[in-house]
Amino acid sequence: MRVLVLAGSSRSGSVNARLAALVAELVGRAGATADLAAIGDFPMPVYDGDTEAEQGLPPGALALCERIGAAQALVIASPEYNASVPGVLKNAVDWVSRLRPQPFKDKQALLVSASPSMVGGNRGLWALRVPLEHLGARVYPDMFSLAAAHQAFGDDDTLTDRGLGERLAATVDSFLDLVEADTRYVCLQRRWYEFLGDRTDAPVTSRAQD
Ligand code: FNR
């Protein structure tokens, strides 16, 4: 199984990039292949319908679509900006959502966050869940949010709080069990959310319904 682990921040010293690296390590330890990336690896302009009509999807968005498509599952480690999704990440979701077949549809996704605050960026994950579920991603019910993240990592890049480290590992393991079941037992497919964009060819409504 291949899992794209995407950090929603490319800032040097990003706590979410650090958390993404730790999740990638746990994915590898569980026997799956982690494809670690950061949102800055996929530069793209702010979404604009005219740009899309004239030039199609930008190379950065196409590259992200390809990496999502190559994976059975996606983990996003996202910061919380103003209690919501960072614009750069939402912009990437918007661009990716324009490709057909739509890459998020039926994709298993786990959301994690890290923040120096005591909330750990958890409100941002609830906001991120909305567009992903709208696009038909199967967003795992459990999430993991790391509070006081600037002090949470040890020199070995694991979490110094053992209980928290175990909880993160258990969350990743449970998620991978579900991904494996969904990959092997195809009867689970198509019983979930159906992406509305599949049902309309009318250009007037496609943008609204997608
Ligand atoms: C933040 N930060 C923040 N933190 C938080 O817990 N809740 C919030 O609503 C916000 N809002 C917010 C808005 C903006 C514009 C910035 C730049 C920052 C702080 C944020 O969690 C902190 O900068 C993290 O370190 C960002 O994640 P990375 O880049 O370290 O992964």
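## Overview

A residue counts as buried when its relative accessible area is under 20%, and this cut-off underlies several of the statements that follow about a predicted model. The protein chain has 210 residues, of which buried residues make up 48%. Its fold is built from seven helices and six strands, and, read from the N terminus on, these elements follow one another in the order β-α-β-α-α-β-α-β-α-β-β-α-α.

Contacts between distant parts of the sequence are prominent in the count: among the contacts in the protein chain with a separation of 6 or more, 78% are between residues 24 or more positions apart.

## Strand β3 and its surroundings

Strand β3 covers residues 73–77, and because five of its five residues are buried, the strand is largely enclosed by the rest of the structure. The burial extends to both faces, since Ala-73, Val-75 and Ala-77 are buried on one side, while Leu-74 and Ile-76 are buried on the other.

This strand has pairing partners in β1 and in β4. With strand β1, residues 2–7, β3 pairs in the parallel sense over five bridges, and in this pairing Ala-7 stands opposite Ala-77 of β3. With strand β4, residues 108–114, β3 also runs parallel, and five bridges join the two; here Ile-76 stands opposite Leu-111 in β4. Between β3 and β4 the chain crosses through α4, and this β-α-β crossover is right-handed.

## Strands β1 and β2

Strand β1 is also joined to strand β2, residues 33–38, by six bridges, and these two strands run parallel. Within this pairing, Val-3 has Ala-34 in β2 as its bridge partner. Together with helix α1, which spans residues 15–29, β1 and β2 make a right-handed β-α-β unit.

## Helices α3 and α4

Helix α3, residues 59–69, packs with helix α4, residues 87–96, at an angle of about 80 degrees, and their axes are 9 Å apart. Angles of 65 to 115 degrees count as roughly perpendicular, which means that α3 is roughly perpendicular to α4.

The contact brings Ala-61, Leu-64, Cys-65 and Ile-68 of α3 to Ala-92, Trp-95 and Val-96 of α4. Sorted by class, the residues in this contact are seven nonpolar, no polar and no charged.

## Two residues in detail

Ala-114 lies in strand β4, and because its relative accessibility is 3%, this residue counts as buried. Leaving aside its neighbours within four places in sequence, Ala-114 is in contact with Val-15, Asn-16, Leu-19, Ser-78, Pro-79, Gly-120, Leu-146 and Ala-149. Ala-114 can also be compared in position with Ser-145: the two are 31 residues apart in sequence, yet their C-alpha atoms are 5.6 Å apart in space.

Ser-97, by contrast, is placed in the loop between α4 and β4. Although this residue is in a loop, Ser-97 counts as buried, because its relative accessibility is 10%. If residues up to four places away in sequence are not counted, Ser-97 touches Gln-102 and Leu-135.

Note on methods: Residues are numbered from 1 along each chain as its sequence is written. This is a predicted model: local features need pLDDT of at least 70, side-chain atom pairs count only at pLDDT 80 or more; totals for chains, interfaces and linings use all residues. Side-chain values use heavy atoms; hydrogens and water are left out. Axes are lines fitted to C-alpha atoms, for helices over the stretch in contact, and angles run from 0 to 180 degrees between N-to-C directions. Helices (H or I, at least four residues) and strands (E, at least two) are DSSP runs, numbered from the N terminus. Angles under 35 degrees count as roughly parallel, over 145 as roughly antiparallel, 65 to 115 as roughly perpendicular and the rest as oblique. Contact means heavy atoms within 4.5 Å. Ala, Val, Leu, Ile, Met, Phe, Trp, Tyr, Cys and Pro count as nonpolar, Asp, Glu, Lys and Arg as charged, and the others, Gly among them, as polar. Buried means under 20% relative accessible area, exposed over 50%, partly exposed in between (1.4 Å probe, protein chains only). Two strands pair if DSSP finds at least two bridges between them. A crossover is right-handed if, with the strands pointing away from the viewer, the path from the first strand over the helix to the second runs clockwise.
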